[in-house]
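Biologist: I would like to know how the labels on this model are earned. Please take them one by one.

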Amino acid sequence: MRVNEKYSTLPAEDRSVHIINICAIEDIGYLPSEGTLLNSLSVDPDAECKHGLYFRDGRRKVDYILVYHPKRPSGSRTLARRVQHGDAAPAARGTRQDQPLPGKGDVGAAGGPEPPMDYHEDDKRFRREEYEGNLLEAGLELERDEETKIHGVGFVKIHAPWNVLCREAEFLKLKMPTKKLYHINETRGLLKKINSVLQKITDPIQPKVAGHRPQTTKRLSYPFSREKQHLFDLSDKDSFFDSKTRSTIVYEILKRTTCTKAKYSMGQGEGRKKDSALLSKRRKCSKYGITSLLANGVYSAAYPLHDGDYEGENVEFNDRKLLYQEWASYGVFYKYQPIDLVRKYFGEKIGLYFAWLGVYTQMLIPASVVGIIVFLYGCATVDENIPSMEMCDQRHNITMCPLCDKTCSYWKMSSACATARASHLFDNPATVFFSVFMALWAATFMEHWKRKQMRLNYRWDLTGFEEEEEAVKDHPRAEYEARVLEKSLRKESKSKEKRRHIPEESTNKWKQRVKTAMAGVKLTDKVKLTWRDRFPAYVTNLVSIVFMIAVTFAIVLGVIIYRISTAAALAMNSSPSVRSNIRVTVTATAVIINLVVIILLDEVYGCIARWLTKIEVPKTEKSFEERLIFKAFLLKFVNSYTPIFYVAFFKGRFVGRPGDYVYIFRSFRMEECAPGGCLMELCIQLSIIMLGKQLIQNNLFEIGIPKMKKFIRYLRLRRQSPPDHDEYGKKRQRYEADYTLEPFAGLTPEYMEMIIQFGFVTLFVASFPLAPLFALLNNIIEIRLDAKKFVTELRRPVAVRAKDIGIWYNILRGVGKLAVIINAFVISFTSDFIPRLVYLYMYSQNGTMHGFVNHTLSSFNVSDFQNGTAPNDPLDLGYEVQICRYKDYREPPWSEHKYDISKDFWAVLAARLAFVIVFQFTYSP
């Protein structure tokens, strides 16, 4: 007989049963008749067709699953079992009978040698017994299954009966729909006709999901109350609380239930030595036990079940299958998301994430269109751009100074013709307009999302959510409880030491005993972690974050040295084609190195941020998540954007001049920008890093790593399971199939990659107008990729109520404001837009850009080179060079103040700063 066949008519001693149905019926003052209890114990012979979604009786739905690894009891100790008789009184529900588990045998009774005692496993087993007993007392119904298709894994199925659901829904103040219907005001006149036309146009891209269309009526929602059940539509009690709500209620009970009453009877010798360690571990689950039990390995997993299979011919239709067909399939990439169904299945928090991602992707469409227009404008006007034409004109015969010492020779400006023409594609007057547009776009996106979020709050009955949830949402974390208990025990031991040295009066002994007992009961409630307790963790956080940022800067410096040394080495090559493409080769290889380092450090920094947050021991999960997000974002922001910041604002700014260059470590000369400016190189840097992160990190890793983990788990289970594993695999129960899925790790990685992408789209968009287009293409795939991962690759997460996206909104606002400043500086200092305006209106003789290139170049007498820095081959161009040119605003060598900064430099600098101020105050969101 299977272990989980517990409702049978056999005597109690012969039943294959571990845990029996026990309900805390007195909690609501309702006691069912004996016939009701007896009917609940009957077995449905067709229960196997439910595929693990129901108990063995085929009627009670599985709301939650606890997973553990059963071990053989040590010595002659046997596992206590709880037995419930149909006519037993409520007070007799906790009756225990010491009987061996069926199929395991009793080693002590057989007279065989007693195996070595495993106190650690015994402690886990007794804690499970006590915890499950407390769950039974809380009104939940349990059923155990150890004879599963997965070797060495046992499952505890949990069902919440109607009375428990009502009690907890009232406690959690869950808003449930009432019988009252009200009509939503419809638009009239012209707006109604426009909406009708839009609905017909968008009908092909709407998901085929019931309730996705705008509704004309809505049920009034009201916090559930057992005293006012007549207000709610209870005609179908089985569907009144959906699976998401049921699992949420059970999870709240699991968090509240304690396991502190069990006493472990230790043996002699080695057992006594381990007493204190086991006691310490058991005390860690003093409150909200399931998190502590999972952390201590008492249970290996806890999760709600998916509604069923999502593919197959004979699969019963369910919400999971509907989500897979209308949301998680790449074939429906052009359709809107069924957000209401996502919220119904996964909860409000995950629903808000996908709603935000959908709004962000929709807003990228106009930004992509404008970016394409700007790029096409650059392509159309490249042949009319006078500065690039002058640079490509070989008749000007402009000789440039060497790019490096000794090995580099003089070169013609016309050799940089291709770079100059390509720079115009992204550095043209339309770029300024696009930067202004993107600043307004960022502000519009934030306001549009706020409006969308408020509409969802109304539709999902989340208005007033924070006030209602304040009392029940801040459960202390298991690690925090353990630290508080450790601190309280230290205080208690210190107080005992003091009492030993202070003589007590005989009249006060009884009073002191009472005080000590009372202090022991509520010790952890009085003690809290202060900043003094966390001070070492704060110091560690500060030092570690500064060190990680320094590591990022050091890597960027290493890449700079690589660029300088590689450029010098390639300049010595005898091939003219190699020497003519030095800039492109060095830039491309350096960016690829940066990309690889960024991807690797992103993973490392994510782990470090989590470790740093853990040692701070935040009190609640919300506090833990916010601190983790802040650290991870700070580290990943610095890691992703530092190479781009260098090219945009530092490269070519601190070079010096010929004869007086700036050197790194007195050996490597700082690299210069091309004659057309650094904007083209910034575009290459931004595009490769952005596209590389999206392709490799966001998509390839998200597809490849989960499949690899799933394949490894499959191989491990196949190795541990019986030979007929493949046959069994086809018949696995729902809870067995979900156990093989990847655990849900939170939404932080999903938000993080989108926020970093938002930074690429907004921060340096002046240098790469096609960034919104590539982000749009990536997000179209990302939505379906994340959807498929949630539906098919992950265990079903516990539904969490939320009315906003939390700290991510503040981060988005910060990035949007920073984008205005950065784009202003990119246009002013990285591009040649401001120098061109200054030349056009102050120095041009005929009101055109003719002569602009010559105006931006200064002259240098080659006789002023420092010793050992002049080119080794000064006749490489075929003639002797007396004067070479370099890009800067300095006095010529024949001037009285030769090589000093000229007045033109200050005029251009003033114009640049003025533009930054005007841009910032005009278009700041």
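Modeller: What follows sets values in a predicted model against the cut-offs behind the labels.

Biologist: Why is R219 called partly exposed?

Modeller: The relative accessible area of R219 is 34%. Partly exposed covers the range between 20% and 50%, so R219 belongs there. R219 lies in strand 7, residues 217–223.

Biologist: What makes R534 a buried residue with no salt bridge?

Modeller: R534 is in helix 20, residues 531–571. R534 is buried, which means its relative accessible area is under 20%. The nearest side chain of opposite charge, E616, is 6.2 Å away. A salt bridge has to be within 4 Å, so this pair does not count as one.

Biologist: What does R534 have from the backbone of E616?

Modeller: A polar atom of the R534 side chain lies 2.8 Å from the backbone oxygen of E616. The limit for a polar contact is 3.5 Å, so this pair is within it.

Biologist: How do you know that R796 sits over the ring of Y345?

Modeller: R796 lies over the face of Y345, at 3.9 Å from the ring centre. The distance limit is 6 Å, so 3.9 Å passes. R125 lies over the face of F126 at 5.1 Å from the ring centre, so that distance passes too.

Biologist: What makes N428 a cap for helix 15?

Modeller: A side-chain oxygen of N428 lies 3.0 Å from the backbone nitrogen of A430, at the N-terminal end of helix 15. That is within 3.5 Å, so the pair counts as a polar contact. Just after helix 15, D461 takes a positive phi of about 60°.

Definitions and conventions. Residues are numbered from 1 along each chain as its sequence is written. This is a predicted model: local features need pLDDT of at least 70, side-chain atom pairs count only at pLDDT 80 or more; totals for chains, interfaces and linings use all residues. Side-chain values use heavy atoms; hydrogens and water are left out. A charge sits over a ring if NZ of Lys or CZ of Arg is within 6 Å of the ring centre and within 35 degrees of the ring normal. A polar contact is a pair of N or O atoms within 3.5 Å; within protein, one must be able to donate a hydrogen and the other to accept it, and residues adjacent in sequence count only if both atoms are side-chain atoms. Helices (H or I, at least four residues) and strands (E, at least two) are DSSP runs, numbered from the N terminus. Buried means under 20% relative accessible area, exposed over 50%, partly exposed in between (1.4 Å probe, protein chains only). Lys and Arg count as positive and Asp and Glu as negative; His and the chain ends are not counted.
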